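Please look at the model below with its ligand in view, and keep one question in mind while reading: which residues are around the ligand?

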Amino acid sequence: MRIDIVTIFPAIFDALDISLLGKARQNGIIDLRVTDLRTYTHDRHRTVDDTPYGGGAGMVMKPEPWGEALDAILGVQDVQSAVLDGDPVVIFPSPAGEVFTQRMARHLAEEEHLVFGCGRYEGIDQRVFDDAHSRARVRLVSLGDYVLNGGEVAALAMVEAIARLIPGVVGNPQSLVEESHEDGLLEYPSYTKPPVWRGREVPSVLLSGNHGAIAAWRREQQLERTRRVRPDLLSED
Ligand code: 6GU
């Protein structure tokens, strides 16, 4: 998979050099490229923002550097051609977007080319989204109902959630199946040795060797935990 990230803080994405994602990049499973938006400015101050039309607090990211950056990544397409299923997906992390889920991560992990456009300040000029719509599948995506200073940390989280679902990135594929949200429930609690630690015992069923009983206990733990902390997950679809 190819992943492009456009940002004014490329150093934030140095974190993607390490651990499993770093290895996946070295192995060529993920071709990740970080573009500094300021590469596409042409003034002495490398300006990427300006005051909002209509007034109001904060600054808005100017359209021109974004247009040039996306042209370089997506290519310039003829105005007429429709956006197709195999076209790149451009994701703008935004608290105004649809909420990112494991289901969305699974779908995005099947794509050939993802582009993350990380905005700062009060947002990006709306025409950047409208222009990108003419040659890519564009989505505004939020991590949840809280506000970050910019899209970078959200993009990091999404890239990690998506990339680990690409075959070969996580060593043991079974570990992807048995985790929170894959089956719509939170995961069950895990234990390892020693059998007693600070007076706390591992639940005896886990030491029983009875695989049916262990599976039933884990399922009940998942349900109990989900009911307690995330009842909303049980009432969905
Ligand atoms: Cl994707 N961006 C920003 N700026 N804040 C957020 C977010 C995204 N998701 C939750 N809060």
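The report that follows describes the surroundings of the ligand and then one residue beside it.

This is a predicted model, in which local features need pLDDT of at least 70 and side-chain atom pairs count only at pLDDT 80 or more, while totals for chains, interfaces and linings use all residues. Residues are numbered from 1 along each chain as its sequence is written, and side-chain values use heavy atoms, with hydrogens and water left out.

The residues around the ligand (a heavy atom within 4 Å of it) are Pro93, Ser94, Pro95, Val141, Ser142, Leu143, Gly144, Tyr146, Val147, Leu148, Gly150 and Ala154. Eight of these shell residues are nonpolar and four are polar, with no charged residue. Strand E5 (89-99) and strand E7 (137-142) each supply at least two residues of this shell, and E5 gives the most, with three residues; strands are DSSP runs of at least two residues, and helices are runs of at least four.

Nitrogen atoms of the ligand also make polar contacts (pairs of N or O atoms within 3.5 Å), as the table shows.

| Residue | Part of the residue | Distance to a ligand nitrogen |
|---|---|---|
| Ser142 | side chain | 3.4 Å |
| Tyr146 | backbone | 2.4 Å |
| Leu148 | backbone | 3.0 Å |

The protein covers 96% of the 290 Å² of accessible area that the ligand has on its own, as calculated by the Shrake-Rupley method with a 1.4 Å probe.

Tyr146 is found in the loop between E7 and helix H5 (151-163). With a relative accessible area of 45%, Tyr146 is partly exposed, a class that lies between buried (under 20%) and exposed (over 50%).

Methods. Polar contact = N/O pair within 3.5 Å; in protein donor to acceptor, adjacent residues only side chain to side chain. Nonpolar A, V, L, I, M, F, W, Y, C, P; charged D, E, K, R; others polar. Buried < 20%, exposed > 50% of the residue type's maximum accessible area, 1.4 Å probe, protein only.
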